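Grab a pencil and work through these exercises with the structure open beside you. Try each task before you read its solution.

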Amino acid sequence: MSAKHPIIAVTGSSGAGTTTVRKTFESIFRREKINGAIVEGDAFHRYTRTEMGQNIEAAEREGRKPPSHFGPEANLLAELETLFREYGEHGTGKIRQYIHGAAEARRWGLPEGYFTPWEAIAPGTDLLFYEGLHGAYQDKQIDVGRHADLLIGVVPIINLEWIQKIHRDTRSRGYSLEAVTHTILRRMPDYVHHITPQFSRTHINFQRVPVVDTSNPFIARDIPSNDESFVIIRFRDPRGVDFPYLLNMIGDAFMSRPNTIVVPGGKQDLAMQLILTPLIWQLVEDRSRGA
């Protein structure tokens, strides 16, 4: 890890709510006047949307294990590690964007599901902020997470994650329930082997747990709201965490373990602001001293 050019990585799977967490970080950056280089994990997919579909169809037709965005085959993980290493050492690196929807397609003049050209990170950024699937990824050859200074996991319980994905993909993207269910099943081995282990390497995990019945996520009419949930916040190393302060500042929060605080779901943003702002400031101050 390098204090000179700090890296923050938020890791969570599709439907985990990492976009909401990214907005919290962006709010902190604006308020604290921090110039962050924002990197989306989707930019490090290996294939365009069309190519990915073709590869999946070919694998299923030939009886092979199809690729998924959770696994290494469909991602440029060596390149992601190179970005983390180069930014940590020099504050430089190359990034691109994945074209998600029609508005981005019009802005870039490219089809949906394609990538923008690789570009150098603008000079003078204070830190790099990554949000995606593989911020703490590790295998025998690649170790992305070792280059990050702060690793955050966003991990709703699995049924809630499925409900969020089902509702997003059926209502916003036009997929059938059968198609989304097939995707969940197809990606499960990669989820187990490549996504889940990352949450044992993160410094802090935020896990949303609903307090309504989610026993059958495939028939859930609504996504449980924040007010119908608790958020479990686990610190890998609780030393230095001012739990009495957090309990005093966050109404109805309580400790469930010596390294774990539980907060009402509607207080997640407040909890993140209180916990993460001083950590971000510490990274920026360490950078200033190390520059």
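**Exercise 1. Find out how strand S1 is joined to strand S6, and which residue in S6 stands opposite Val-10.**

Step 1: In this predicted model, S1 and S6 (residues 150-154) run parallel, and 4 bridges join them.
Step 2: Look across from Val-10 and you land on Ile-152 in S6.
Step 3: S1 has another neighbour too, because it also pairs with S5 (residues 127-132) in the parallel sense, over 5 bridges. There, Ile-7 has Leu-128 as its bridge partner.

**Exercise 2. Work out whether the two faces of S1 are buried or exposed.**

Step 1: Start with the general idea: in a regular strand, side chains alternate between the two faces of the sheet.
Step 2: Now sort the residues of S1. Ile-7, Ala-9 and Thr-11 sit on one side, with Ile-8 and Val-10 on the other.
Step 3: Check each side, and you'll find these residues are all buried, so both faces are covered. That fits the tally for S1 (residues 7-11), where 5 of 5 residues are buried.

**Exercise 3. Follow strand S8 to its partners and say in which sense they run.**

Step 1: S7 and S8 are joined by 7 bridges and run antiparallel. One pair to spot is Ile-204 with its bridge partner Phe-235 in S8.
Step 2: S8 is also joined to S10 (residues 260-264), by 5 bridges, and these two run antiparallel as well. Here Ile-232 stands opposite Val-262.
Step 3: How covered is S8 (residues 229-235)? Mostly: 5 of its 7 residues are buried.

**Exercise 4. Check the span of helix H5, then see what its buried residues pack against.**

Step 1: H5 covers residues 158-172, which makes 15 residues.
Step 2: At 1.5 Å a residue, the helix should span 21 Å. Remember to multiply by one less than the number of residues.
Step 3: The end C-alpha atoms are 21 Å apart, so the two values agree.
Step 4: The buried residues of H5, among them Leu-160, Ile-163 and Ile-166, pack against H6 and S7.
Step 5: After H5 comes Gly-174, with a positive phi near 80°.

**Exercise 5. Explain why the salt bridge between Arg-22 and Glu-131 ties together parts that are apart in sequence.**

Step 1: Side chains of opposite charge can pair when their charged atoms come close.
Step 2: For Arg-22 and Glu-131, the N to O distance is 3.1 Å. The cut-off is 4 Å, so the pair counts as a salt bridge.
Step 3: Arg-22 lies in helix H1 (residues 18-32) and Glu-131 in strand S5, so the link joins parts 109 residues apart in sequence.
Step 4: Arg-22 is buried, at 15% relative accessible area, and Glu-131 is buried too, at 8%.
Step 5: Widen the view: Arg-22, Glu-26, Glu-40 and Glu-131 are linked in a network of salt bridges. The whole structure has 12 salt bridges.

**Exercise 6. Decide why Arg-186 has no salt bridge, and name what its side chain reaches instead.**

Step 1: Find Arg-186 in helix H6 (residues 177-195).
Step 2: Arg-186 is buried, and the nearest side chain of opposite charge, Glu-60, is 4.4 Å away. A salt bridge needs a distance within 4 Å, so this pair misses out.
Step 3: The side chain of Arg-186 does reach the backbone oxygen of Pro-67, at 3.0 Å.
Step 4: Other residues that Arg-186 touches include Ile-56, Pro-66 and Ser-68.

Methods. Residues numbered from 1 in each chain as written. Predicted model: local features only at pLDDT ≥ 70, side-chain atom pairs only at ≥ 80, totals over all residues. Heavy atoms only, no water. Buried < 20%, exposed > 50% of the residue type's maximum accessible area, 1.4 Å probe, protein only. Lys, Arg positive; Asp, Glu negative; His and termini not counted. Polar contact = N/O pair within 3.5 Å; in protein donor to acceptor, adjacent residues only side chain to side chain. Contact = heavy atoms within 4.5 Å. Lists of a residue's contacts leave out its neighbours within four places in sequence.
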